[in-house]
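This report covers strand pairing and salt bridges. The structure is shown first.

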Amino acid sequence: MNCKDTRYHIQLWLQAAGTDAGSEPDGESLRHIKCCSACRLEYGDAVLDQLLRQQSAPVARDGFFDRAIIAAVQRNTGASQLWGRGFGALAASVAAVALVVGLWGGVPGTSSRDVARDAGVAQILHEAQTVRVLIDSVAARDRATITIELAENLELEGFPNQRVIEWQTDLLAGRNLLALPVRLKDQGESYLDVSLHHGDEQKAIRVSVRPAGTSMQLGALPIRA
Amino acid sequence: MTIVNRLSFLSPSARRFDTLVRPHLPSLYAFAFRLHGNPDDAEDLVQEVLAKLYARASELAGIRDLRPWLQRVLYNQFVDGARRQRSRPEAAAPEHADYEIEDPTGDPGWHAEGAELSEQIDRALARLDHDQRALVVLHFMEGHTLEELTRVFDAPLGTLKSRLHRARAKLKHLLEMEPFAPGTRVVDIREQQPPADAMGNGQ
């Protein structure tokens, strides 16, 4: 076998290797490669190229792209452009953040209130801070209703003196992030309730809010019906 | 993860930015990861790039082939960061000390399979110069032609070809991939007698 034929066979092998990882050039080609430095070089390059092409791409950690985009917007706008008119053109000063995980799973058509978990967050007095609620949904839910109910001493930025705010949104399957910029108005303990409704399903979570510096008991408050 | 309010609550400008860049983020992250060799620095790099790009969101909308453009921005950001790192007195170590993972142990020939081989390739990539590494990643792993990459690296085709040649040679050396070197898969047939007419040399 000559160099031309060998290189042709290397190309054939490369094409086949895309679908059959165990393949390798035929014995005659390999014998030629062993004896021919130019073809050895070509073969080595071909093997390397193939290995590199077959490397799987690194995958980002869950939620990173969402976090990165939000952070990019916040760094450029101080969060003033993050929230659109639908949720109040809220110029929230996003500082310390609490992450509260809410689960919304189970069998469609059933209540999943029993899997709710309460959580707490410390707030700096008179300063808007964002409480983020993660909603894990096993399936996409169109026009789910989200209701926020606030204690008297808590205010949602952009909604002064309004204790109940309700709107509809589409939840996608997987984790959905709900960001609520809230302001604690006095030194007392406070809370906000987040309720989700979709068809027969409902789910509620209470987030206890206390001034920063005070101790907090997570999960101490009862789940609202 | 999906932002509940991404569609309904993000401001129009934030939504436009999201729509423009999101399809390219997996590729950008993969590129950043290959450049840095770890997820934390990769996330920082992508985050830094997005923060810079947001201010240029209107410009992004006018770019016809956005992905190579974004990759170029990310690469330049990476190079700037590497330069700053080198300029610090405490960072006087060899260029790739940050990426160096322990040398392959045992017999690291390219007969290795699966995850082991993948790790060997990652380690070898980390030991390339960053311009070689970026070229290898974008050409072989992201599938860009060298012609396309002349715009990403702002370098002529000939420069990229010779850079790729050097990168290949170094990778083969690092992976101990010289055909018929001990430990390669080809060793399986070494016991076979080559036919007399196969003893030519590069004809």
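In this predicted model, the bridge partner of A:S195 in β9(A) is A:A204. The two strands concerned, β8(A) and strand β9 (residues 201–211) of chain A, run antiparallel and pair over nine bridges. They form a hairpin with two residues between them, and A:G199 in that turn has a positive phi of about 60 degrees.

Strand β8 (residues 190–198) of chain A also pairs with strand β4 (residues 141–150) of chain A, again in the antiparallel sense, over six bridges. Here A:L150 has A:L192 in β8(A) as its bridge partner.

**Salt bridges**

Over all chains, the whole structure holds 15 salt bridges. The table lists some of them.

| Pair | Closest N to O distance |
|---|---|
| A:D45 and B:K172 | 2.7 Å |
| B:E43 and A:R61 | 2.9 Å |
| B:D18 and B:R22 | 3.0 Å |

The pair of A:D45 and B:K172 crosses between chains, from helix α3 (residues 37–53) of chain A to helix α9 (residues 157–174) of chain B. Both A:D45 and B:K172 are buried.

B:E43 lies in helix α3 (residues 39–54) of chain B and A:R61 in the loop between α3 and α4 (64–77) of chain A, so this pair joins two chains as well. B:E43 has a relative accessible area of 12% and is therefore buried, whereas A:R61, at 39%, is partly exposed. A network of salt bridges links A:R61, B:D40 and B:E43.

In the pair of B:D18 and B:R22, both residues are buried.

Notes:
Residues numbered from 1 in each chain as written. Chains lettered and ligands numbered in written order. Predicted model: local features only at pLDDT ≥ 70, side-chain atom pairs only at ≥ 80, totals over all residues. Heavy atoms only, no water. Pairing = 2+ DSSP bridges. Helix = DSSP H or I, 4+ residues; strand = E, 2+ residues; numbered from the N terminus. Salt bridge = Lys/Arg side-chain N within 4 Å of Asp/Glu carboxyl O. Buried < 20%, exposed > 50% of the residue type's maximum accessible area, 1.4 Å probe, protein only.
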